[in-house]
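Colleague: I'd like a close look at one part of this model, the enclosed space inside it. Could you walk me through that, and then through the charged pairs as well?

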Amino acid sequence: MKLTFDSIIELAQRGKRMKLAVASAQDSHVLAAVETAHKIGIADAILVGNRVKIEKLAVENGISLDGLEIINEEEGEKSALKAVEMVHFGEADMYMKGLMETKAFLKTVLDKNVGLRTDRLMSHIAVFDIPGYDRLLSMSDVAFIPYPTLDEKRQIIDNCVGVAKACGVAMPKVAVLSSIETVNPKMPCTIEAAELARMNEEGIIKDCIVDGPLSFDLATAPEAALHKNASGRKIVGDADILIFPDIQAGNITYKCMSHMVNHRSGCILTGTKAPTILTSRSDDMETKVNSIALAAVVAQQNNNNK
């Protein structure tokens, strides 16, 4: 049975109800998503921000704040520091950006005293639910690490595998992408892809199946694998996770998928002490709700592993 975002939402609903801290929460789209997440039983929320503006936006947009806690803090960076502090000290399980610049939000994630930095690499993961593809398709990194090194790619894979397992994928298939399917000494990304596959075979990268270098079509289209006579590969159009050679390839693919393909999606920042929801203002409410659900199942998994 195909895993979908409905599956992720059901997982979040079945587990312990998580608590979400929202920084600078005076944003109508974020408030609508938080209201929906609360109503369907994904998460409770603490809204940190300008109370007057939050309540005004709620009235103007028909949003119910019943059951949601509001902490008044009118200055944006102070509201973010208050929200992230709650997550840092375990008073909330997830952290979400409201009406503030991404750079300022990330500054609070990295704060030495109350932030969410760990000894793990932080990376961004986007999860797509695409009609016609028989599984959830995750992509990384498309928004955070510009030019990942070999070791950073290994850590990105580890982060992605953790998210996939939280969503119910027992043994995710990880495709390390390039424009070709063979090692070419003039293309360093193909060498690194083969090295990551070797690390997987030797047990350095665990709990997944890694293959590379792979082209996008070989990783995601079974008919392409058949035409290319690639039956001997570990991944033949059935990848769960796509690892990009750099942010250019990742971001271009992500935006093509976002704007030209019928889909549902959600995004989180991983490698942090708690899942961090870093959506764009242009993302629709469903994407924000999906991102909250994705963060919730990862937070539940984290709690179970403590």
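Modeller: Let's start with the term: a cavity is a set of grid points where a 1.4 Å probe fits but cannot get out. Keep in mind that this is a predicted model. Searching the whole structure turns up 2 cavities of 30 Å³ or more.

The largest cavity has a volume of about 70 Å³. Its lining is made up of Val 127, Leu 136, Ser 138, Val 163, Ala 164, Cys 167, Val 169 and Asp 240. Sorted by type, that lining gives 6 nonpolar residues, 1 polar and 1 charged.

The second largest cavity holds about 50 Å³ of space. Around it you'll find Asp 27, His 29, Val 30, Lys 97, Gly 98, Thr 279, Ser 280, Arg 281 and Lys 288. Here the lining splits into 1 nonpolar, 4 polar and 4 charged residues.

Now for the charged pairs. The whole structure contains 20 salt bridges, and a few are worth walking through. Take Lys 2 and Asp 129, whose closest N and O atoms are 3.3 Å apart. Lys 2 sits in the segment before helix 1 (5-14) and Asp 129 in strand 5 (residues 123-129), so this salt bridge ties together parts that are 127 residues apart in sequence. The two ends differ in burial: Lys 2 is partly exposed at 26% relative accessible area, whereas Asp 129 is buried at 8%.

Asp 238 and Lys 173 form another salt bridge, with their closest N and O atoms 2.6 Å apart. This one also links distant parts of the chain, with Asp 238 in the loop between helix 9 (222-227) and strand 9 (241-243), and Lys 173 in strand 7 (residues 173-177), 65 residues apart. Buried means under 20% relative accessible area, so Asp 238 counts as buried at 14%, and Lys 173 does too at 19%.

For a local pair, look at Arg 51 and Glu 55, where the closest N and O atoms are 3.6 Å apart. Both lie in helix 3 (residues 51-60), 4 residues apart, which means about one helical turn separates them. Arg 51 is partly exposed, with 33% relative accessibility, and Glu 55 is partly exposed as well, at 34%.

Finally, salt bridges also join up into a network that links Asp 6, Arg 264 and Glu 286.

Notes:
Residues are numbered from 1 along each chain as its sequence is written. This is a predicted model: local features need pLDDT of at least 70, side-chain atom pairs count only at pLDDT 80 or more; totals for chains, interfaces and linings use all residues. Side-chain values use heavy atoms; hydrogens and water are left out. On a 1 Å grid over the protein atoms alone, a cavity is a set of points where a 1.4 Å probe fits but cannot get out, and a pocket is an open set with protein on both sides within 12 Å along at least five of seven lines; lining residues have an atom within 4 Å of a point. Grid points are joined across faces, edges and corners, and a volume is the space filled by probe spheres set on the points. Ala, Val, Leu, Ile, Met, Phe, Trp, Tyr, Cys and Pro count as nonpolar, Asp, Glu, Lys and Arg as charged, and the others, Gly among them, as polar. A salt bridge is a side-chain nitrogen of Lys or Arg within 4 Å of a carboxyl oxygen of Asp or Glu. Helices (H or I, at least four residues) and strands (E, at least two) are DSSP runs, numbered from the N terminus. Buried means under 20% relative accessible area, exposed over 50%, partly exposed in between (1.4 Å probe, protein chains only).
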